[in-house]
Amino acid sequence: MKHPSNTATQEPGSGARAASKSLVLDAVSKRYGGVPALDALSLEVEPGELVSLLGPSGCGKTTTLRLIAGFEFPDQGSVSIGGRDVSSLPPNKRGLGMVFQNYSLFPHMSVGENIGFGPRMAGIRKPETQQAVRRMLDLIRMPGFMDRRVSQLSGGQQQRVALARAIVNNPSVLLLDEPLGALDKNLREGMQFEIRRLQQSLGITSVMVTHDQEEAMTMSDRVVVMRQGKILQSGAPREVYDRPRNRFVAEFLGTANVITCRIVSRGAQTVTVGTVCPDEAHGASLTLALPKNWTGELPRTIEVAVRPEKIAIDAPQPGHVQFRGEIVQHVFRGSQHSYEIEVPELGPRIYAYQQAFSSGHAGHARGQAVTISFAPGDVVALEPDEGHELAMSGIDAFICGPETVATQGVR
Amino acid sequence: MKHPSNTATQEPGSGARAASKSLVLDAVSKRYGGVPALDALSLEVEPGELVSLLGPSGCGKTTTLRLIAGFEFPDQGSVSIGGRDVSSLPPNKRGLGMVFQNYSLFPHMSVGENIGFGPRMAGIRKPETQQAVRRMLDLIRMPGFMDRRVSQLSGGQQQRVALARAIVNNPSVLLLDEPLGALDKNLREGMQFEIRRLQQSLGITSVMVTHDQEEAMTMSDRVVVMRQGKILQSGAPREVYDRPRNRFVAEFLGTANVITCRIVSRGAQTVTVGTVCPDEAHGASLTLALPKNWTGELPRTIEVAVRPEKIAIDAPQPGHVQFRGEIVQHVFRGSQHSYEIEVPELGPRIYAYQQAFSSGHAGHARGQAVTISFAPGDVVALEPDEGHELAMSGIDAFICGPETVATQGVR
Amino acid sequence: APSVARAADLTVTAYGGAWEQAYRKCFVQPFEKQTGKTVDVILGSPMQWINQVGANPAHPPIDVMVGLVDSGEIARERGLVDKISDAEIPNLKQLKPNMLGYGKGYGFPIAFGDFGLMYSKKAVPNPPQTWKEFVDGTVAGKWHAGLPGISYVATAQGVIGLFATVYGGSLDNVQPGLDQVKRMKASGNVSFYSEPNSPLISLRSGDIDIAMYFDGRAWAEHDANNPDIGYLNPRPGAVAFPTMVQKVKNGSPLGYQFMNVLASAEGQSCFANLLQYSASNRDVKYSDQVRSRIAKDDDSLWLSFDVVSKKTPEWVEMWNKQIGR
Amino acid sequence: MSTPGAITSLLLTRNGKRSRSMRVALLLAPAVILLVVFFAAPLLENAVRSLGLDVHASGSDGSAFRNYEKLFFDPYYRGVIVETVRISLYSTLLCLVIGYPVAHLMVRHAGRFAMPLLFMLITPLLTSIIMRTFGWRVLFARHGPFNDALMWLHLIDRPLSVLGGPLGVYIGIVHVMVPFMVLSIIPVLRGVDRRLEESARILGAGATRTFFLVTLPLTAEGIATGCVLVFMLTNGSFVTQLLLGDGSVVTLPLLIFQQFSLTQDLGFASAMGNVLLIIVLVCLYVQLRLSGRKGTSQ
Amino acid sequence: MNHAGLQNKLASRAGLGVLSAFTGLFFVALIAPIVVVVLVSFTPGEALTVPVTAFSMRWYRRLWEYQPFVDSLITSLYLALSSSFIAILVAVPAAIGIGQSRSRVATALTTFLLAPIAIPALVIGLSLLYFLSNIGIGVSYAALLIAHTVVSVPYVMRTTLATYRNTHASYREAASVLGASSWQTFRHVTLPLIAPGIFAGALFSILVSLDNLGVSYFFGTANVTTLPVVMLSYLQNQFDPAIAAVSTVQMAITVVLLLIVEKTYGLRSLTTQ
Ligand SMILES: Nc1ncnc2c1ncn2[C@@H]1O[C@H](COP(=O)(O)OP(=O)(O)OP(=O)(O)O)[C@@H](O)[C@H]1O
Ligand SMILES: Nc1ncnc2c1ncn2[C@@H]1O[C@H](COP(=O)(O)OP(=O)(O)OP(=O)(O)O)[C@@H](O)[C@H]1O
Ligand SMILES: NCCCCNCCCN
Ligand SMILES: [Mg+2]
Ligand SMILES: [Mg+2]
């Protein structure tokens, strides 16, 4: 069973490039009462791909989905599905599927009626609809639930019925707006698996919104990080995680130690930085790849990021930079230990994760002196952020030295 | 500033042991219309301790909190706070603080009036109340917010005001019912830190309910895993995580590879098991500590658990048991790689985590042949479960072989 | 138990508005001046008062009650009112005997209005001179007529009685009368009204051209708003509707003294001239204009209201069944 | 704590052993006692009176059940009962059909105009029925604004007589009742999750089918509330029928009024009052059953 | 961009246009008769005629001069306010009781407490007249008050119950954990939160009371008579714009009341069940 999007009739005037994509947003803009919600946003989704939209509240994720669905119409730009411009079609003419955070199952219909709603609207006759519903129930492994009332389902079951309802009509694109937001963690992880399995086996092009970064990375072929109606960075999860463009992306996708460094010199593709504040005398120096879009004059300082799990404790390797520090906090998080380390050469605090390899090992104690080290290749030079700050009230910011999102539990 | 619970008057009849505890639930039972919600549950909380209640939906977490708060009264058993039996006192006579999942800030009052409500009810005069409110606002780092309307606050700010309101009266016990459930992930992690900081610096005895296992482990001095109105296991997060009593606890607190093993022989404190199905001919054998409560006859098989992060891939160490397998799935989760490995000697699938040490390392590829190994000390023998199953519909169960909760994203 | 704290020495009842003001001016104030007693006036409607008395027969909240003949009959039958005679009310001797007879010894009328035809002089230049002409003209569509509906308190029974009498029936056989009402209704040229102001509005707006209506109020409307209005009593006469007064049983004996004022020539002269109704006292002096307008005793049709009162439930049912829907 | 404080705390306290039902009983007591004494008891007395056993009323001759015999076996009165229910039913449906779109617009599109509209909505409740009737008479007069406008537009060539018949009655009833309908639907409609409608849209339902298959069923609760209210209120009213129907519409309350004002047959009036009560109770019961069934299944 | 998108927008606009036109027409029809009454009250002439060509306060002066109008208007307002106040006293606890109850009996009682609006006012009035007279209350202000309170209870009960059910129990629980006694919880938390519902119900009951002829009909005394009774009696013999003027004054008073409620509590609650 393959998604049918590529077989859709192609209209004259839509570019050949668009035809090979399942979904193309071409510079769409949307304002609400003068306030921009989306700002010339362009996005292309390959057939069968699952793309996740990530970003802080209000950045336009839901608006993007609603434009694709046809609940809103773009002020500028166009939306094409399967090479066909659908900008002016109402939602019921676009052949999509959608799952909402609260599932939005029709409370006055049974499970079977919910799943059968789409075929019924499409004018499919009753016996065939019944058959399709039964096939879907098998697919989501709830074969006996045809006549159950929606209110008699658990959260996870509701979620699966919502999914079945969304895909029963073989939609060309499946939209998911925080589909798992209402589930608790254990169930949520099970459902991530379930959705991904169905999405892949049926090859449905999908766009998903989620608040959970790990969920986005786990499930998606591609993550798109948005802010204020624009796309900041888009790419495979690992690529975006390992090479965040700027501090915002680095901190939004996981935890990052962001260190402000003095710029020592600049090469063609590289920049050499000193790891301590310019007003101090010592510290290591590193040569890093310049951020891609880096143009113009060099500033006095630059921010670099190192992920906590890239930092080794008391296990220096050749070629790695090393610093001495002291453990100030240790939190056990199950599969990992999380340490907060004071490293004078870098500034007050550095976060480091260590896999909880052995239940026999107690972890490093508070107050213990340690050597931390990381590979220069794991340090990423960040583009300066255009004046935006992650809204993290209550967390002190240092002008110079590492700043980390306080995603750590503390003992 | 220390919590005042130990200075409370002690009533005759309550044991001396209870007096040294901040909170004691003594065999409390509660039924709703004949259906038991709590079943002779006993719990003791030390002064200044933060205890988290964990468990599946409907296991009685909220009921426990409501009994402590005095919203419900136990059918049997008693509740003591600071050594004083409060079982029959109404909530307003118990001197507690409470934070609700939806904050429940009074919508018709300003931030200042919300925080000042407790002191006002206690008959504190206006100037002192004002002062206390201001102190609280400083504590939660929202100094200018006195006259703000509650509706003008963000979720995180509401959460902090709710916390301030709950602790302004120096409660002897602070109750938190999913205090962070309504926040999104980034904010949630920031608030975990904030709550823990306040709780520790003020030394407030606290009982928290959360659905998020990692949150419970990160924030708590002790986690209590409940099921069906009973406590299954209670202890420091690491202790419960590393030494889960049974399969339910193992799987509820993180991911576990649960392997059914044949029992080969039994010692005084130990049991020797074979790691393959009894009907197969080969496999390793291990000698493990017997579960504490293990009494009576030996069954034919026993379940053992190994955590995914304890399993090394292609890095055997002396003394570890080794198996050959093949990578069937690889998921990048940010700070960790997660692998699904087919290990014929153990059964179809084993999950293993590997820290994403270096962005240069691509991880093990699908199809790659690997050797997995783990220390015998990291294998835990589990008590047989009393007929309970984790409700994980949609996940196939194998009679023999490893079974894991499908908490893995899948590519 | 004493149910009402009486503020005044005597409590009487009245219709509101101009009626009340005339009543106070012509009867209440002279009485108060004469006796030095105080009088309270309750505004409302007869059935309200009858039930208020009926609910508290031992301690009635009212001493003297006004009403219509049929409501007066009900009060009498329920035993709520006292017998009267010229011993307590000397002025009864001045009342016209036929009118005094209406009270059956339990009250008397102070004035009566005729229920004739009010019409637009423009729309109906040649108004019908007999009831039969009226009926035929209505059926023929010469005009659009307003008739009181059964629910218009006070007059419906009179209308039934009138047409029964005119068309050869009697109070015991009203079917011939009802048949004529049915006939008119079937022509589609009739609107039934349920409260006394709608014919005035309808006449002004042209929705009707002619209506069965009270003489006094027709003239009042003519003088105040609508000079186009004409009024006449068709032959063989318009039904007279007297306003009855009765002394409530167990009410204050002062009531007799008040009723004596009600029966007086001076009081009734004042009242009849203000409201343009015909009075019951034979010595009443009318102004010239009023005299020319009010009914002569012999162009009025006097129905036996004691019979009417007994027949009312039956008639109401007949009307409801035959004309109501 | 003041005395009212003490009393209230007695009533409201969640103290240990005092059961919830005890507290509920105490809270309900004043209202229930008030209505038992001053509503149920007088009506019961009324019911007795309607059986002709009473001493106050006149005309209580004949069999005790004479009044009910007449009401249930005389085809005319049976017809009136049917007419009463029919008027209430049609008025309710009219209010629904007219009120629903209004509620829809107020909830979904009115924005800051919602409050002024709400004010306008309750204006019919602010004036007395007599004056409202006068207003209608002026507006619908043969040469009134309504007919003039239609004539001017050449939609009609002879004035329509709108009032004085069933049409007038329906206009009058809908005028006062529709606010109750709208005010009952608004909160429920406001509570409808828009995403349910969007789900239907994306599953291929057009705007119309979305409305009928999703929005309408989801507002059933508000519709039921509004309908019961309008039905009950209409069922008990007569002044509009009297003043705007000019005798063309006869309902039980109107006959009751006749008994008061013309015949003083209070026994018959009471009997009709009881029949009305029964009709209303049956309707309430049906509604409770319907919503109750939904309640248990949710 | 997309011409068709515009078309589609226009199509949905057209739907909205039809709906708006319908609603506009609805509101015009709704207030038209009332506007007529207000206009007529300012006529300088004797008759209630439309169109009104000149403006005069004549009939408002007449109002002032005809004592029964003023007296009965005051009585009616006083009665409406005091009966809804008493209704609040009994109906609010009842609503809270029902709101807290999980039993069927309470549900049945809800029906009972709503019943008075289903019985013709005349029936209630007459039944109460005989009943009250039997127990010695007779015709009096007390009787009027009782009768109007009986009819007010359902309105207050219904809106209060709805608001109470909409306010989360955790507010009350939060207050009691913070040391508030039951009374303090009620006074500082429950009451402010359900106040809009109480006011909405009270407002309905006041409006209904002001125009409730049937219930008032039997209880008027010389000193205590309500406006509808006086108006009806007045209309039997006289029909002049004073009637329109008194209606307008009554309306103005209620509108002012409404505005006060709106300013103090907001009328959103009117739309809350
Ligand atoms: N119907 C609307 N009217 C006015 N503004 C709106 C509307 N819908 C969205 N917005 C605004 O547009 C911006 C983008 O909103 P959107 O809902 O797309 O954000 P989001 O990324 O989905 O946020 P969240 O994570 O909170 O769901 C926000 O500033 C929001 O306030
Ligand atoms: N007021 C009540 N009436 C009847 N049953 C109740 C009530 N409150 C709780 N229960 C039942 O008692 C059991 C325990 O409920 P409780 O709310 O304590 O669970 P929980 O652990 O807090 O669950 P969750 O994680 O879903 O919040 C459940 O079976 C629940 O259905
Ligand atoms: N006394 C003359 C008759 C008065 C008629 N008035 C009409 C009142 C109708 N209830
Ligand atoms: Mg969103
Ligand atoms: Mg809970």
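# Exercises on three ligand sites and a strand

In this predicted model, an oxygen atom of ligand 1 is 3.3 Å from an N or O atom in the side chain of A:His211.

**Exercise 1. Describe the surroundings of ligand 1: which residues are around ligand 1, and which polar atoms lie close to its oxygen atoms?**

Step 1. List the shell. Around ligand 1 are A:Tyr32, A:Ala37, the run A:Ser57, A:Gly58, A:Cys59, A:Gly60, A:Lys61, A:Thr62 and A:Thr63, and finally A:His211.

Step 2. Sort the shell by class. There are 3 nonpolar, 6 polar and 1 charged residues.

Step 3. Find the main contributor. Helix α2 of chain A, residues 61-69, gives the most, with 3 residues.

Step 4. Add the polar contacts. Besides the A:His211 distance of 3.3 Å, a polar backbone atom of A:Gly60 is 3.0 Å from an oxygen atom of ligand 1, and a polar side-chain atom of A:Thr63 is 2.4 Å from an oxygen atom of ligand 1. Ligand 1 exposes 640 Å² when taken alone, and the protein buries 58% of that.

**Exercise 2. Which chains does ligand 2 lie between, and what makes up its shell?**

Step 1. Name the chains. Ligand 2 lies between chains B and E.

Step 2. Pick out residues. The shell includes B:Tyr32, B:Lys61, B:His211 and, from chain E, E:Arg102.

Step 3. Count by class. The shell has 3 nonpolar, 6 polar and 2 charged residues. Helix α2 of chain B (residues 61-69) gives the most to this shell, 3 residues.

Step 4. Check the distances. Oxygen atoms of ligand 2 come 2.6 Å from a side-chain N or O atom of B:Thr62, 2.4 Å from a side-chain N or O atom of B:Thr63, and 3.0 Å from a backbone N or O atom of B:Gly60. Of the 630 Å² of accessible area that ligand 2 has on its own, the protein covers 62%.

**Exercise 3. Why is the site of ligand 3 shared between chains?**

Step 1. Look at the closest residues. Ligand 3 has 10 residues around it, the closest being C:Gly113, C:Phe214, C:Phe241, C:Thr243 and E:Gln236.

Step 2. Draw the conclusion. The site is shared because residues from chains C and E surround ligand 3. The protein buries 98% of the 330 Å² that ligand 3 exposes when taken alone.

Step 3. Trace the elements. At least two shell residues each come from β4 (108-120) and β9 (238-247) of chain C and from α10 (227-237) of chain E. The largest share, 3 residues, comes from β4(C).

Step 4. Describe the chemistry. The shell has 6 nonpolar, 4 polar and no charged residues. A polar side-chain atom of C:Thr243 is 2.4 Å from a nitrogen atom of ligand 3.

**Exercise 4. Are the residues on the two faces of strand β6 of chain B buried or exposed?**

Step 1. Recall the general pattern. Side chains in a regular strand alternate between the two faces of the sheet.

Step 2. Assign the residues. In β6 of chain B (residues 96-99), B:Leu96 and B:Met98 are on one side, with B:Gly97 and B:Val99 on the other.

Step 3. Read the burial. These residues are all buried, and both faces of the strand are covered.

Step 4. Find the neighbour. β6(B) pairs in the parallel sense with strand β7 of chain B (residues 173-177) over 4 bridges. Within that pairing, B:Met98 has B:Leu175 as its bridge partner.

**Exercise 5. Summarise chain A: how many helices and strands does it have, and what share of its residues is buried?**

Step 1. Count the elements. Chain A has 9 helices and 21 strands.

Step 2. Give the burial. Of its 411 residues, 61% are buried.

Step 3. Add the surface. Chain A exposes about 15,600 Å², with 50% supplied by carbon and sulfur atoms.

Conventions. Residues numbered from 1 in each chain as written. Chains lettered and ligands numbered in written order. Predicted model: local features only at pLDDT ≥ 70, side-chain atom pairs only at ≥ 80, totals over all residues. Heavy atoms only, no water. Buried < 20%, exposed > 50% of the residue type's maximum accessible area, 1.4 Å probe, protein only. Areas by Shrake-Rupley, 256 points an atom, 1.4 Å probe, with all protein chains shown as cover. Near = heavy atom within 4 Å. Polar contact = N/O pair within 3.5 Å; in protein donor to acceptor, adjacent residues only side chain to side chain. Nonpolar A, V, L, I, M, F, W, Y, C, P; charged D, E, K, R; others polar. Pairing = 2+ DSSP bridges.
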